[in-house]
Amino acid sequence: MKKVFATLLALVLVLAACTSAMAGTITINNGVVGQTYTAYKIFDVTKAADATTDGYAYTASDAIKELIAEAGTNAGQGLIFTKNTDGSWNVSEDANFTAQGLASFLAGKVSNFPEEIQVGSVTISDTDKAIDNVGAGYYFVTSSLGSLCMLNTAAESVTITEKNEAPTLAKQVQEDSDKKWGNAATAYKGQNVNFKLTVTIPNNNSEDGLGNGVKANFVITDTLPTNMEYVSDSVIIPDWVKDTDYTITVSGRDLTITLMQAKLASLTEPATIEITYTAKMGKNAVAGVAETNEAMLTYGTYTTTKVTATVTTYSAEVFKYTGTDTALAGAEFKLYKKVTVDGVEKKLYYKNADSIVSWVESIDDATFYVTTDENSAKVKFDGLGKGKYYLVETKTPAGYNPLTSDKEFEITDSNVTGEALKVLNSTGSQLPSTGGIGTTIFYVVGGLLMAGALVLLITKKKVSAK
């Protein structure tokens, strides 16, 4: 029984030792939700036998020694490797060693790491924030955000704080009627619409700028809606040089803008980068149906959520009627808007050629629509944006009075209702004056003759009485 007990006790001690060795955790404080953090065990750590000291001994495998030592101690690593009798390498530091220098070096060598040193990872969520089952060691923790952390996990659990923040992306579109930027705009068919992408590069806690944090390109993928087309060479990034600081590729409806790592790494403080470009509203856009443009930013394995902006085209329908909503055919209409150029207001007339809208200065070049169906008597000006418009009746059906003034209406986000564009024609007996005396002279003369006859009759009666 003593032997059995001794054997069981030994097993318990062994199991306890194994559990203790694997019970450590690396908790990521302030980790970015959805981002994966990976831990690599660079060195094994052994605590000094003398409990009165807190010294540690570090050892490395051949693979790690070769990886780190290949650049020499003068490349910022500042580590000295001494071969042990068991074949491992004892690791010590000289005056040149800094954790930041080693971290920067390792960040560029992750793809060369031997597989066995990757000990775990965690994708941050509301409940998962720690890398479990790690033993004592000297760890390098990284993520695509540029997190570069060195830590000693001789303790059972260690918490590191993510001091970097994820880059963000925002998207806006410009409303032409008031030139304001927002999440939605309107446009006429054929109009060039301005879009803006805003990239925010936050703090990465680097000692010498973003260079130590940004280790990959920022790739923005902007997908245009079905009925919009990118206007060639319209991308503008102030103070950035095309094909050097950024590149542009277009494939179908996908516009890809790549912000180069070298430029990003040269920034010395958190920055906001504004990117503008232009897209054209196509002729197949449907009135009242929003065209949705979406974009996202990818940095390493990190991708932002999609951001969107919408563009909508509208139409204005005219109903020509007489009496009690009785349709009236044979009326001709044209449309114009007012614009101010260099302080001078002028009219621009609506022209529709193959469903593409343009605005011309001469009413003779404008597109006209005639009500032809006596059952509906409706015409439609298609593909308009927000703003005030004016309807002019250029031909009136025979027997009806023309409009005395142009009809003003406004397109807003709620579109135009049929009631707003009902146009009444009526008949009547009163004719406008031409400025001449017309029949008035006959009325005056006739009145004088009648008055004279009356005077003559009265005089005659008095003579007869005498």
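**Backbone, sheet and ring geometry**

User: Between which two strands does the loop that holds Lys179 lie?

Analyst: In this predicted model, Lys179 is not a glycine, yet its phi is positive, near 65°. As for its position, the residue belongs to the loop between strand 11 (168-174) and strand 12 (181-182).

User: Which strand contains Asn133?

Analyst: Asn133 also has a positive phi, about 60°, although it is not a glycine. Its place in the chain is residues 130-134, strand 7.

User: Which element of the protein chain has the highest mean pLDDT?

Analyst: The protein chain as a whole has a mean pLDDT of 81, with 78% of its residues at 70 or more. Residues 1-22 stay under 50 and have six contacts beyond four places in sequence. Over residues 205-212 the pLDDT is also below 50, with 20 contacts in the model beyond near neighbours in sequence. Among the elements, helix 1 (residues 2-22) has the lowest mean, 34, whereas the highest, 97, belongs to strand 18 (residues 254-259).

User: Which strands stand at the edges of the open sheet 12-11-14-19-16?

Analyst: The five strands of this sheet pair in antiparallel fashion. A strand at the edge has a single partner, so one of its sides is left without a neighbour in the sheet. This applies to strand 12 and strand 16 (228-230).

User: Which residue of strand 19 stands opposite Tyr230?

Analyst: Strand 16 and strand 19 (residues 271-281) run antiparallel and are joined by three bridges. Opposite Tyr230, in strand 19, stands Ala279.

User: Is the pair of Phe195 and Tyr277 stacked or edge-to-face?

Analyst: A search of the whole structure finds 17 aromatic pairs. In the pair of Phe195 and Tyr277, the centres are 5.4 Å apart and the planes differ by 20°. Phe195 is in strand 14 (residues 192-201) and Tyr277 in strand 19, 82 residues apart, and both are buried. Planes under 30 degrees apart meet the criterion, so the pair is stacked.

User: What is the geometry of the pair formed by Tyr369 and Phe381?

Analyst: Tyr369 lies in strand 28 (residues 369-370) and Phe381 in strand 29 (residues 378-384), so the pair ties together parts 12 residues apart in sequence. Tyr369 is partly exposed, with a relative accessible area of 21%, whereas Phe381 is buried at 0%. The ring centres are 4.9 Å apart and the planes stand at 80°, so the pair is edge-to-face.

User: How far from the ring centre of Trp89 is the charged end of Lys65?

Analyst: Lys263 lies over the face of Trp240, at 5.4 Å from the ring centre. The charged end of Lys65 likewise sits over the ring of Trp89, and its distance from the centre is 4.5 Å.

Methods. Residues numbered from 1 in each chain as written. Predicted model: local features only at pLDDT ≥ 70, side-chain atom pairs only at ≥ 80, totals over all residues. Heavy atoms only, no water. pLDDT = per-residue confidence, 0-100. Helix = DSSP H or I, 4+ residues; strand = E, 2+ residues; numbered from the N terminus. Contact = heavy atoms within 4.5 Å. Pairing = 2+ DSSP bridges. Phe/Tyr/Trp six-rings, centres within 6.5 Å; stacked < 30°, edge-to-face > 60°. Buried < 20%, exposed > 50% of the residue type's maximum accessible area, 1.4 Å probe, protein only. Lys NZ or Arg CZ within 6 Å of the ring centre and 35° of its normal.
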